[in-house]
Amino acid sequence: MPDTLAHRLQLLQGDITKVQADALVNAANSSLLGGGGVDGAIHRAGGPAILEDCRKIVARQGGCNTGEAVITTGGNLPAKHVIHTVGPVWNGGHRREPELLANCYHNSLQLAQEHGIRTIAFPNISTGIYGYPKDKAANVAVQTVRAFLAQHQLPAQVIFVVFDAENLRLYEEQLTNLS
Ligand code: AR6
């Protein structure tokens, strides 16, 4: 990977709600009304303003389809915005899961770019409750983000935030293979 692209990718382990970035991505569900995992953590830390914005989006467009993304305030989070995207539920891999997961990353980055966002942090979408195999998901995430950055100036920085040791190892592997 060209040096300039490698510098635009960062890896962090920890709680995404603590990350200083212009936008955090939330692994939401299509209701946009909250849930467990990282979704629960983001709504808890960000407070009711996020849910208020989500309700307005639901009133306008009835939720968010798998692979699509919407943007709200970051409420009390250090991040100004939250981009909510809906990952696919893993169903064996033959129900367009890779394409839908790639859409999550691509559409979140597209929305970030449209809002002039310079730094964006992603959790490992679909790899918790939705059961997507972590190695396959890491590959889709890194390849999709890399392809987007190669074509666009913004976002300038993308931070992959891993929570568990297995994802840390997988992302280290993916990012090393690229450099
Ligand atoms: N910071 C960073 N990563 C986290 C955090 C955190 N605070 N908490 C969990 N993770 P999941 P999904 C990691 O289950 O699989 C919700 O109920 C976690 O270890 O949050 O896309 C939604 O409402 C895993 O690697 O999201 C949906 O119904 C990754 O975040 C459903 O879960 C994603 O795990 C979405 O399932």
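**Exercise 1. Work out how E1 sits against its partner, and then place that partner in the sheet.**

Start with the pairing: strand E1 (residues 9-13) runs parallel to E6, and five bridges join the two. Keep in mind that this is a predicted model.

Step 1. Pick a landmark on this pairing. Leucine 12 has valine 161 of E6 standing opposite.

Step 2. Look at the E5 side of E6. E5 and E6 also run parallel, with four bridges between them. Here threonine 119 has glutamine 157 as its bridge partner in E6.

Step 3. Check how much of E6 is covered. Five of its six residues are buried, so E6 is largely enclosed by the rest of the structure.

**Exercise 2. Lay out the whole sheet and find its edges.**

Step 1. Write down the strand order. The open sheet has six strands, running E1-E6-E5-E2-E4-E3, with mixed pairing.

Step 2. Read off the ends. E1 and E3 are the edge strands with a single partner each, so each has one side without a neighbour in the sheet.

Step 3. Add the twist. Ignoring direction, neighbouring strands are turned by 25 degrees against each other on average.

Step 4. Fill in one more pairing. E2 and E4 run parallel and are joined by six bridges. Alanine 23 has histidine 81 as its bridge partner in E4.

Step 5. Put helices on the sheet. H2 lies across E2 and E4, at about 130 degrees to E2. Helix H5 (residues 134-151) packs on the sheet too, touching E1, E5 and E6, and its direction makes about 170 degrees with that of E6.

**Exercise 3. Describe how H2 packs against H3, and say what covers H2.**

Step 1. Get the geometry. The axes of H2 (residues 37-46) and H3 (residues 48-61) come within 6 Å and cross at roughly 115 degrees.

Step 2. Classify the angle. The roughly perpendicular class spans 65 to 115 degrees, and H2 and H3 are therefore roughly perpendicular to each other.

Step 3. List who touches whom. H2 brings Ile42, His43 and Gly46 to the contact, while H3 brings Pro48, Ile50, Leu51 and Cys54.

Step 4. Sort those residues by type. The contact of H2 with H3 has five nonpolar residues, two polar ones and no charged ones.

Step 5. Turn to burial. In H2, the buried residues are Asp39, Gly40, Ala41, Ile42, His43 and Gly46. Their cover includes strand E2 (23-28), H3 and strand E4 (81-86).

Step 6. Look just past the end of H2. Glycine 47 sits there with a positive phi of about 80 degrees.

**Exercise 4. Take the aromatic pairs and say which parts of the chain they link.**

Step 1. Count them. Searching the whole structure turns up three aromatic pairs. Let's work through two examples.

Step 2. Tyrosine 105 and phenylalanine 122 make a tilted pair, 4.8 Å centre to centre with 40 degrees between the planes. This pair links distant parts of the chain, since tyrosine 105 is in helix H4 (residues 97-114) and phenylalanine 122 in strand E5 (residues 119-122), 17 residues apart.

Step 3. Check the burial of both rings. Buried means under 20% relative accessible area. Tyrosine 105 has 1%, so it is buried, and phenylalanine 122 at 0% is buried as well.

Step 4. Now phenylalanine 160 and tyrosine 171. Their ring centres are 5.2 Å apart and the planes stand at 45 degrees, so this pair is tilted. Phenylalanine 160 is in strand E6 (residues 157-162) and tyrosine 171 in helix H6 (residues 165-178), so the pair ties together parts eleven residues apart in sequence. Phenylalanine 160 and tyrosine 171 are both buried.

**Exercise 5. Profile two single residues, glutamate 68 and asparagine 167.**

Step 1. Locate glutamate 68: it is in the loop between H3 and strand E3 (69-73). Its relative accessibility is 38%, so it counts as partly exposed.

Step 2. Find its contacts. With neighbours within four places in sequence set aside, glutamate 68 touches His84, Thr85, Val86 and Asn107. Leucine 111 is 43 residues from glutamate 68 in sequence, yet their C-alpha atoms are 9.9 Å apart.

Step 3. Move to asparagine 167, which is in helix H6. Its relative accessible area is 1%, so asparagine 167 is buried.

Step 4. Find its contacts the same way. Leaving out neighbours within four places in sequence, asparagine 167 is in contact with Asn124, Thr127, Lys134 and Val162.

Notes
Residues numbered from 1 in each chain as written. Predicted model: local features only at pLDDT ≥ 70, side-chain atom pairs only at ≥ 80, totals over all residues. Heavy atoms only, no water. Axes fitted to C-alpha atoms, helices over the stretch in contact; angles between N-to-C directions. Parallel < 35°, antiparallel > 145°, perpendicular 65-115°, else oblique. Contact = heavy atoms within 4.5 Å. Nonpolar A, V, L, I, M, F, W, Y, C, P; charged D, E, K, R; others polar. Phe/Tyr/Trp six-rings, centres within 6.5 Å; stacked < 30°, edge-to-face > 60°. Buried < 20%, exposed > 50% of the residue type's maximum accessible area, 1.4 Å probe, protein only. Pairing = 2+ DSSP bridges.
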